[in-house]
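Here is a short tour of one protein model. Keep the sequence and the 3D view open while reading.

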Amino acid sequence: MRKIIFASIFISFTFSQDAVSISPDTLDFGNVLLGDSQSLTFTLETHTSQTFTITPPNFFTLDITEIEMEYPQTQDIVVTFDPPGMGNFNSEIVVTGSEWGVYSLPILATVVNNISGSLSGTISNAYSPYEINNDIWVDEGNTLVIDPGVTFLFRDNTQF
């Protein structure tokens, strides 16, 4: 009788593990400046051999949308957000396994047109004017290109 109890405990433990792990458990793009695109990476780890189909929401693209994986294997997947306008773009990426389950990866992203803090990259005139609600600066070693025609609207007590 002890062998039967041990066997049933072992079996339930073996199948209680998810077929995949996704890390991190949320992709947080934070505040994205209108006109910019940003990329983040998540890791898919399989605990069973199967094919995965990965479906992004609108305005997000992936470098891989289908992958055949063998156990144990991990795969880094790059997600790029190219916002069409301002607002909240919270959503989820859906990972569907051919053998086991459907998994979702929450995405947090808000598109803004206000600038603050350390700047680098290019500020486009396509989305000008930009609101400056807090101080802005360029850290040593970074480069900032401001396209001709860009207008900054500085709020009281803010500076560049």
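Buried means under 20% relative accessible area, exposed means over 50%, and partly exposed lies in between (1.4 Å probe, protein chains only). By that scale Phe59 counts as partly exposed, because its relative accessibility is 40%. Phe59 sits in the loop between E4 and E5. Its phi is positive, about 75 degrees, although Phe59 is not a glycine.

This is a predicted model: local features need pLDDT of at least 70, side-chain atom pairs count only at pLDDT 80 or more, and totals for chains, interfaces and linings use all residues. Residues are numbered from 1 along each chain as its sequence is written, and side-chain values use heavy atoms, with hydrogens and water left out.

**Sheets**

Element names follow DSSP runs, numbered from the N terminus: helices are H or I runs of at least four residues, strands are E runs of at least two. Two strands pair if DSSP finds at least two bridges between them.

One open sheet has four strands in the order E1-E3-E7-E5, with antiparallel pairing. Strand E1 (20-23) and E5 are at its edges with a single partner strand each, so one side of each has no neighbour in the sheet. Neighbouring strands here are turned by 25 degrees against each other on average, direction ignored. Such angles are taken between N-to-C directions, from 0 to 180 degrees, with axes fitted to C-alpha atoms (for helices over the stretch in contact).

Another open sheet has three strands, ordered E11-E13-E15, and its pairing is parallel. Its edge strands are E11 (114-118) and E15 (152-154). The average turn between neighbours in this sheet is 40 degrees, direction ignored.

Three strand pairs are listed here.

| Strand pair | Sense | Bridges |
|---|---|---|
| E3 (residues 38-46) and E7 | antiparallel | nine bridges |
| E4 (residues 50-55) and E6 | antiparallel | four bridges |
| E11 and E13 (residues 130-137) | parallel | four bridges |

Some partners can be named. Thr41 has Val78 in E7 as its bridge partner. Thr53 has Glu66 in E6. Ser118 stands opposite Trp137 in E13.

Which way do the side chains of strand E6 (residues 66-69) point? Ile67 and Met69 point to one face and are buried, while Glu66 and Glu68 point to the other and are not.

**Aromatic rings**

Rings of Phe, Tyr and Trp (its six-membered ring) pair if their centres lie within 6.5 Å; planes under 30 degrees apart are stacked, over 60 edge-to-face, and the rest tilted. The whole structure holds eight aromatic pairs. One of them, Phe60 with Phe81, is stacked, at 4.4 Å centre to centre and 15 degrees between the planes. These two are 21 residues apart, Phe60 in strand E5 and Phe81 in strand E7. Both Phe60 and Phe81 are buried. Ring pairs also link Phe29, Phe59, Phe60, Phe81 and Phe89 into a cluster.

**Backbone details**

Tyr71 and Pro72 are joined by a cis peptide bond, with omega about -15 degrees. Pro72 lies in the loop between E6 and E7. The bond from Ser128 to Pro129 is cis too, with omega near 10 degrees. Pro129 belongs to the loop between E12 and E13. Asn157, in the segment after E15, has a positive phi near 65 degrees and is not a glycine. Asn157 is exposed, with a relative accessible area of 79%.
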